[in-house]
Amino acid sequence: MHLTFLLHRLIFLLTIMAVLSACEAIITTHGRLIEPAELDKLELGVTTQAETISVLGRPSFEGAFNSGRLYYNNQKMEKNVGGATLTIERELIILIFDDNK
């Protein structure tokens, strides 16, 4: 009986460990992460808006009314076991162009 009790206890502990190991937060990334090396390719007053889009890709969104603004947004989200989602890191790069330069 003592061996059976230990075996059941071991199985119970292994089951609890397996269940708890699956209870980690899930981290996801939304948007496009712009690397510093990519930004270094842009020259202030020289690189056009079209060239910028060619280097960095499509922006997350553009300014309204042809404002000449490009917005690149990136955020890292953490979804906890309870279902709550938190933003743990956010980066917003705003590029402003005069006459598309």
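A residue counts as buried when its relative accessible area is under 20%, as exposed when that area is over 50%, and as partly exposed in between. This report applies that rule to a predicted model, and it starts with a residue of helix α2, Glu-38. Glu-38 has a relative accessibility of 15%, and because this value is under the 20% limit, the residue counts as buried. The side chain of Glu-38 reaches the backbone nitrogen of Glu-35, at a distance of 2.8 Å. When residues up to four places away in sequence are not counted, Glu-38 touches Arg-32, Leu-33, Val-55 and Leu-56.

**Helix α3 and the loop before it**

Helix α3 spans residues 49-56, and the loop between α2 (36-40) and this helix holds Thr-48. The relative accessibility of Thr-48 is 21%, so this residue counts as partly exposed. Although Thr-48 and Phe-97 are 49 residues apart in sequence, their C-alpha atoms are 7.6 Å apart in space.

Another threonine, Thr-52, lies within helix α3 itself. Its relative accessibility is 1%, and Thr-52 therefore counts as buried. Leaving aside neighbours within four places in sequence, Thr-52 is in contact with Leu-42, Thr-47, Gly-57, Leu-70, Tyr-72, Leu-95 and Phe-97.

**The aromatic pair**

How many aromatic pairs does the structure hold? There is one such pair in the structure. It is formed by Phe-61 and Tyr-71, whose ring centres are 4.7 Å apart and whose planes meet at 15°, so the pair is stacked. The reasoning here rests on a cut-off, because planes under 30 degrees apart count as stacked. The pair links distant parts of the chain, since Phe-61 belongs to strand β2 (residues 61-62) while Tyr-71 belongs to strand β3 (residues 69-79), and the two are 10 residues apart. As for their surroundings, Phe-61 counts as partly exposed at 42% relative accessibility, whereas Tyr-71 counts as buried at 15%.

**Residues in strands β3 and β4, and a loop residue**

Strand β4 covers residues 85-96 and includes Ile-93. With a relative accessibility of 14%, Ile-93 counts as buried. Not counting residues up to four places away in sequence, Ile-93 touches Ile-34, Leu-39, Leu-70, Tyr-71 and Tyr-72, and among these Tyr-71 is a member of the stacked pair.

Lys-76 lies in strand β3 and is partly exposed, with a relative accessible area of 31%. Apart from residues up to four places away in sequence, Lys-76 touches Ile-27, Thr-28, Thr-29, Leu-86, Thr-87, Ile-88 and Glu-89.

Ala-25 sits in the loop between α1 (2-21) and β1 (26-31), and with a relative accessible area of 32% it is partly exposed. Once neighbours within four places in sequence are left aside, the contacts of Ala-25 are with Glu-78, Lys-79 and Asn-80.

The table lists pairs of residues together with their separation along the chain and the distance between their C-alpha atoms.

| Pair | Separation in sequence | C-alpha distance |
|---|---|---|
| Thr-48 and Phe-97 | 49 residues | 7.6 Å |
| Ile-93 and Leu-33 | 60 residues | 9.9 Å |
| Ala-25 and Val-81 | 56 residues | 5.9 Å |
| Lys-76 and Thr-28 | 48 residues | 5.8 Å |

Of these pairs, Lys-76 and Thr-28 also appear in the account of contacts, where Thr-28 is one of the residues that Lys-76 touches.

**The largest pocket**

The largest pocket has a volume of about 190 Å³. Which residues lie nearest its centre? Of the 12 residues that line the pocket, Glu-43, Leu-44, Leu-95, Ile-96 and Phe-97 are those nearest the centre. Two of these names have been met before, since Leu-95 and Phe-97 are among the contacts of the buried Thr-52. By residue type, the lining of the largest pocket divides into six nonpolar, three polar and three charged residues.

Definitions and conventions: Residues are numbered from 1 along each chain as its sequence is written. This is a predicted model: local features need pLDDT of at least 70, side-chain atom pairs count only at pLDDT 80 or more; totals for chains, interfaces and linings use all residues. Side-chain values use heavy atoms; hydrogens and water are left out. Helices (H or I, at least four residues) and strands (E, at least two) are DSSP runs, numbered from the N terminus. Buried means under 20% relative accessible area, exposed over 50%, partly exposed in between (1.4 Å probe, protein chains only). Rings of Phe, Tyr and Trp (its six-membered ring) pair if their centres lie within 6.5 Å; planes under 30 degrees apart count as stacked, over 60 as edge-to-face and the rest as tilted. On a 1 Å grid over the protein atoms alone, a cavity is a set of points where a 1.4 Å probe fits but cannot get out, and a pocket is an open set with protein on both sides within 12 Å along at least five of seven lines; lining residues have an atom within 4 Å of a point. Grid points are joined across faces, edges and corners, and a volume is the space filled by probe spheres set on the points. Ala, Val, Leu, Ile, Met, Phe, Trp, Tyr, Cys and Pro count as nonpolar, Asp, Glu, Lys and Arg as charged, and the others, Gly among them, as polar. A polar contact is a pair of N or O atoms within 3.5 Å; within protein, one must be able to donate a hydrogen and the other to accept it, and residues adjacent in sequence count only if both atoms are side-chain atoms. Contact means heavy atoms within 4.5 Å.
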